[in-house]
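Subject: Structure handover

Hello,

Here is the structure, ready for you to open. My notes on what was found in it follow below.

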Amino acid sequence: MTNPDNSSSPSPLILVDGSSYLFRAYHVPYLQALSTSYGQPTGAITGVLNMIKSLQKDYPTGNIVVVFDAKGKTFRNDLYTEYKANRPPMPDDLRTQITPLHNIIEALGLPLLVIEGVEADDVIGTLAHQASQIGMETIISTGDKDMAQLVNPHVRLINTMTNVELDEASVLEKFGVKPNQIIDYLALMGDKVDNIPGVDKCGPKTAAKWLTEHGTLEQVIKNAENVKGKIGEHLRNALGHLPLSYELATIKLDVTLPVKVDELKASQQNTDRLIELGKQFELKRLLADAEKQATTSTTATAEQTASSNPATKETDYQCILTQQDFDKWIEKLNGADLIAFDTETTSLNYMEAEIVGVSFAVSEGEAAYVPLAHDYPDAPEQLDRNEVLAVLKPILESPKIKKVGQHLKYDKNVLANYHINLQGVAFDTMLESYVLNSVATKHDMDSLAKTYLDINTIHFEDIAGKGAKQLTFNQISLDDAAPYAAEDADITLRLHNVLAKKLAEDSQLNSVFSDIELPLSSVLARMEQFGVLIDSQQLAQQSQDLASRIINLEKEVYELAGEEFNLGSPKQLQEILYKKMDLPVLKKTPKGAPSTAEEVLQELAISYPLPKLLMEYRGLSKLKNTYTDKLPKMINMRTGRVHTSYHQAIAATGRLSSTEPNLQNIPIRTEEGRRVRQAFVARPGYKIVAADYSQIELRIMAHLSSDKGLLAAFAAGRDIHTATASEVFSTPLEDVSTEQRRNAKAINFGLIYGMSAFGLSRQLNIPRHDAQKYMDLYFERYPAVLTYMENTRALAKEKGYVSTVFGRRLYLPEINSSNGMRRKGAERAAINAPMQGTAADIIKKAMLAVDQWIIEHTEDDIKMIMQVHDELVFEIKEHKIAEYQSKIIELMENAVSLSVPLTVEAGIGENWDEAH
DNA sequence: TACACGGCTTA
DNA sequence: GTAAGCCGTGTAA
């Protein structure tokens, strides 16, 4: 963890860059989810308070001063009107946290400085400067690299979020320039975020290179004539504004402050006020600390703050090299209530991975690593892998011996290659974290340890390096490998202890974890291991056909364009289309370049010949590059099949995702695309059965809204788009035209996506007014749907999350944002998530039911091989096909019970395309 | 080698 | 208008 205070002065000055941490904390996903019961966000407050607490712990004698930016313009805006002009306004859900945070800091007794007209940086610079003059040690706690200019023998930086410390030597090491060159360095690079111009294309490396050569910005400018190449031109073009950039990057050291640096001392903590604030903002830890303080009424330094109590990490990690030690651990494992378990392997690909070692933990801090196949030069003698695995097999296969792990599906797959069938998995920390908060994008162990335990774990990159030179685990020395691997098991156990407690607080969430996600991971492991059979001959043939068609298209395009260029480059294409051929620009990309996207080309194709060829080219090259060329390469030599990975902790809504290869986006819409599906085949004697839910999300909408009309339409088994059209356009069912049905279908889909009239008008290419009319009519006919949508938005705003029918949660940190775009986006997500998420819950439950039936009632004559959100694909022995097909339909349709019937359509075929 | 971008594929 | 993954290009290092 952080270095203890090793400064020479007895009580160093600690300057906290409050604004920098406020922004950072605001963007930490798990903190974003925090809010009071009445919707006031508190994540940024909590984050900053945690930081302060951490500083108090690391520097018990330190004199902490917290500095924030004031509202309004600063002198830099006077220097340069464009300064920070690109910054979006501060989001509301952040702004509302500032005053409470200031109040809490004051109640803690910490000096708080908010000076108008300058930035927090300048206040910190001034204080550090004053402190240096009287020989006072200063530690600046900030996440802002610009502050490196303030470093000197008396001043160093510490980033309390990452625990990186910067003194003079490490500034040089990190940036390649000395602290007194940092301003020059920043001026050269400019700053996109603050809108400070620099030298075009000059990044950290170039800036450091020039400054190493010439010493200062002034000298670099003097030598500008001698810099060769494009970058030299850029430098010369920048000469005019570099002095301004230099001035903007310079932190002031002479701000007029209301107090002198040696007068800044912590005052008495106001415990009553802290309790009041703790209650008001529902900050449990702040409250607990303050109440403890009140009862013990000990001396009031500014010790007590809101913060987690970082687990004191006392550890006993063993590296096991002898039979005797191993035997002892086997005993421990047999006697343990719960084993944390992890494998170390040579690859992230579960089909290729070889086991290098295994680690265990049985209680917090008590863990062991058993190296088995480290083979670097002079690696010590290790226990025999086969013998160790043979001893472990009964333990790992026992359903009675409970295990916890991080992403155990991977370990289960790897162990399967050693003929060990991992059983007794009672918990998985990755899934626990995902169920608790699916919006936090990171569910890897390092992030979880930091988030939930405040522990910085050893990262794989720390011991293995990164990039092309990264070592595989077998090449890592036991000195590095053993603490890393043992820690993995230990941390997993500690994490589980925290996460399980949180899950237990909500029975529905707990059920999503233990009744859905955990058992599903084993089902997915089986699907992954079995894989799918692919006809690589067929795909190779297709690749050839595509190649020749692509070449012909290229020729035609070159002819029309009058020159050759790279068709795959949107940039070059845009030149040709809009500069050379002067076609009208119908739409721009988010970055402002004229778009060449499909919808634009489609429009242009009406009047010009080239766009149509381009669309065809793009479609074909996508097919070839992504599917027909790639899929055959992914066939596993050993099994002859393709093994995807289903990711269970990625999609915020609860869906699965699939990678390497992604089997959830195999083409279906076009004839050429469907030929790819035809290459997904069954073994001889087997056939493919594909079963998909019909209109599942609309059915869920009917269930959630309880709209009578919608429920009746589904109950009657009507085609829902025709039924909708009939209602909206007041046309008898049998008279609904294809056009009317198409429009109704667009409305139905739009509703699921939380669309606006604007979106619908674009989709249908009709005036906004007409789109609004359709929507009004729809809501008139299905009024409960409108009520449901309104209620969902309101509930999302109130609680900060929405739920599926089965209680899975999706947090929406931006639902109360002041940024209209973001807020509207969150509102759409709020509408969509209960439907998409419930559909995900349902098919997951169906998969569990089908898997259980397969295990209990069938032999090896049926395998579930793929899941594509609302569809399950099976490989089934021919003589069982009809029987199993109807059983699958029955299990899927009855996986859950809603107020609408669920219907499943299942087809049979030689390949996946035919089965549709 | 690593990343952002624009584009395309699916439910 | 929701949710995903992957491709080639272009760029900086």
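Is helix α1 (residues 18-26) largely enclosed by the rest of the structure or largely open, and why? The helix is largely enclosed, because 7 of its 9 residues are buried. Those residues are G18, S19, S20, Y21, L22, A25 and Y26. Please keep in mind throughout that this is a predicted model.

Domains and a pair of positions

Chain A is divided by the domain assignment into domain 1 (13-263), domain 2 (316-505) and domain 3 (708-781). Between the C-alpha centres of domain 1 and domain 3 there are 54 Å. Helix α5 (residues 92-107) contains H102. H102 has a relative accessible area of 15% and is buried, since the limit for that class is under 20%. From the C-alpha atom of H102 to that of V435 the distance is 34 Å, and the two residues are 333 apart along the chain.

DNA strand C

Around DNA strand C there are 35 residues, and the closest are K201, N566, S569, K571 and M755. Of the strand's atoms that come within 4 Å of the protein, 75% belong to sugar and phosphate.

By class, the surface near DNA strand C is made up of 17 polar, 9 nonpolar and 9 charged residues. Several elements supply at least two residues each: α9 (204-214), α24 (570-580), α26 (610-628), β15 (657-659), α33 (757-764) and α36 (820-857). Helix α33 gives the largest share, with 5 residues.

Three contacts with this strand can be listed atom by atom:

- A polar backbone atom of A652 is 3.0 Å from a phosphate oxygen of DNA strand C.
- In R828, a side-chain N or O atom is also placed 3.0 Å from a phosphate oxygen of DNA strand C.
- N662 has a polar side-chain atom 2.9 Å from a sugar or linking oxygen of DNA strand C.

DNA strand B

DNA strand B has 22 residues around it, of which T596, N665, I668, R669 and D870 come nearest. Here sugar and phosphate make up 84% of the strand atoms that come within 4 Å of the protein. The surface near DNA strand B consists of 7 nonpolar, 7 polar and 8 charged residues. Its largest share, 3 residues, is supplied by α26.

Which part of DNA strand B lies 2.9 Å from a polar side-chain atom of K622? The partner is a base oxygen. I668 uses a backbone N or O atom, 2.7 Å from a phosphate oxygen of the strand. D870 places an N or O atom of its side chain 2.8 Å from a sugar or linking oxygen of DNA strand B.

Aromatic residues

How many aromatic pairs does a search of the whole structure find? The search finds 15. In one of them, F729 and Y774 are edge-to-face, because their ring planes meet at 85°, where over 60 degrees is required, and the centres are 5.2 Å apart. The pair links distant parts of the chain, 45 residues apart: F729 is in the loop between α31 (720-728) and α32 (738-752), and Y774 is in helix α34 (residues 768-781). Both F729, at 19% relative accessible area, and Y774, at 17%, are buried.

F749 and Y753 make a tilted pair, with 6.5 Å from centre to centre and 45° between the planes. F749 has a relative accessibility of 33% and counts as partly exposed. Y753, at 48%, also counts as partly exposed, since exposed would require over 50%.

One aromatic cluster is formed by Y369, F460, F473 and Y484.

Charges over rings

Two cases are noted here. K332 has its charged end over the ring of W329, at 4.7 Å from the ring centre. The face of Y801 has R809 lying over it, 4.3 Å from the centre of the ring.

Regards

Technical notes:
Residues numbered from 1 in each chain as written. Chains lettered and ligands numbered in written order. Predicted model: local features only at pLDDT ≥ 70, side-chain atom pairs only at ≥ 80, totals over all residues. Heavy atoms only, no water. Domains from an automatic or database assignment. Near = heavy atom within 4 Å. Polar contact = N/O pair within 3.5 Å; in protein donor to acceptor, adjacent residues only side chain to side chain. Helix = DSSP H or I, 4+ residues; strand = E, 2+ residues; numbered from the N terminus. Nonpolar A, V, L, I, M, F, W, Y, C, P; charged D, E, K, R; others polar. Phe/Tyr/Trp six-rings, centres within 6.5 Å; stacked < 30°, edge-to-face > 60°. Buried < 20%, exposed > 50% of the residue type's maximum accessible area, 1.4 Å probe, protein only. Lys NZ or Arg CZ within 6 Å of the ring centre and 35° of its normal.
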